[in-house]
Amino acid sequence: MMHTTNYHNTLITVSPDCPAATAAPPARQDTIAGRQYAMLNDSPYGLTSDELLLAVENERKGPIDAVTFFSTPKACLRASPLVKRHGYGLYHDAGGKIALIPVESVEYARLLAAPDVEKRPGMRNSRR
């Protein structure tokens with residue numbers, strides 16, 4: 001059985017306790033956040049969540065096939081450091097493809113206000 005982390009027509013909002021008031025790229029490119037940022041910034045609406053997570057895993061640890069990787073549940077992008085610490089929302093379009101949306105942008109406000117877009121909050125940094 002393959003598990004999926006894909007959403008459709010959904011905005012993953014910046015975590016409620018995100019320390020960033022405005023979006024900022026991760027300082028280090030060799031981190032998970034840095035790799036996710038680079039891939040999404042280079043190709044807006046080019047990858048689904050599953051494709052992004054698999055590509056980052058392949059960069060970090062070497063080749064693994066999708067069936068093996070998704071044979072166990074994976075944390076979705078609500079747990080991404082981009083939404084937890086760096087001030088980015090992640091919008092999944094109708095086809096499941098993702099774009100980075102800076103929290104201070106007009107696009108973020110538009111998506112947040114759109115009644116036809118599902119909203120999922122980014123996970124908190126702490127349990128409090």
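Is Glu-118 buried, partly exposed or exposed, going by its relative accessibility? In this predicted model, Glu-118 counts as partly exposed, because its relative accessibility is 36%. The points below begin with the sheet, go on to the helices that lie against it, and then turn to the salt bridges and the residues that form them.

**The sheet**

- Four strands make up an open sheet with mixed pairing, and their order across the sheet is β3-β2-β1-β4.
- The edges of this sheet are formed by β3 (98-102) and β4 (118-121), each of which pairs on one side only.
- On average, and with direction ignored, neighbouring strands of the sheet are turned by 25 degrees against each other.
- Strand β2 (residues 88-92) and β3 run antiparallel and are joined by five bridges, and Gly-89 stands opposite Ile-101 in β3.

**Helices against the sheet**

- Helix α1 (residues 32-42) lies across β2 and β3, and the angle at which α1 runs to β3 is about 105 degrees.
- Helix α5 (residues 106-113) also packs on the sheet, where α5 touches β1 (10-13), β2, β3 and β4.
- The direction of α5 makes about 115 degrees with that of β1.

**A salt bridge between two helices**

- The count of salt bridges comes to seven, and one of them is formed by Arg-35 with Glu-59, whose closest N and O atoms are 3.0 Å apart.
- This pair links distant parts of the chain, since Arg-35 belongs to helix α1 and Glu-59 to helix α2 (residues 49-61), 24 residues apart.
- Arg-35 counts as buried because its relative accessibility is 18%, under the cut-off of 20%, whereas Glu-59, with a relative accessible area of 48%, is partly exposed.

**A salt bridge within one helix**

- Glu-107 and Arg-110 form a salt bridge in which the closest N and O atoms are 2.9 Å apart.
- Both residues lie in helix α5, where Glu-107 and Arg-110 are three residues apart, about one turn of the helix.
- Glu-107 is partly exposed, with a relative accessible area of 30%, and Arg-110 likewise counts as partly exposed, at 46% relative accessibility.

**The opening residue and a network**

- The side chain of Glu-118 meets that of Arg-120 in a salt bridge, with a distance of 2.8 Å from N to O.
- Arg-120 is partly exposed, with a relative accessible area of 32%, and Glu-118 counts as partly exposed too.
- Elsewhere, Glu-57, Arg-60 and Lys-61 are joined into one network by salt bridges that share partners.

Technical notes:
Residues are numbered from 1 along each chain as its sequence is written. This is a predicted model: local features need pLDDT of at least 70, side-chain atom pairs count only at pLDDT 80 or more; totals for chains, interfaces and linings use all residues. Side-chain values use heavy atoms; hydrogens and water are left out. Two strands pair if DSSP finds at least two bridges between them. Axes are lines fitted to C-alpha atoms, for helices over the stretch in contact, and angles run from 0 to 180 degrees between N-to-C directions. Contact means heavy atoms within 4.5 Å. A salt bridge is a side-chain nitrogen of Lys or Arg within 4 Å of a carboxyl oxygen of Asp or Glu. Buried means under 20% relative accessible area, exposed over 50%, partly exposed in between (1.4 Å probe, protein chains only).
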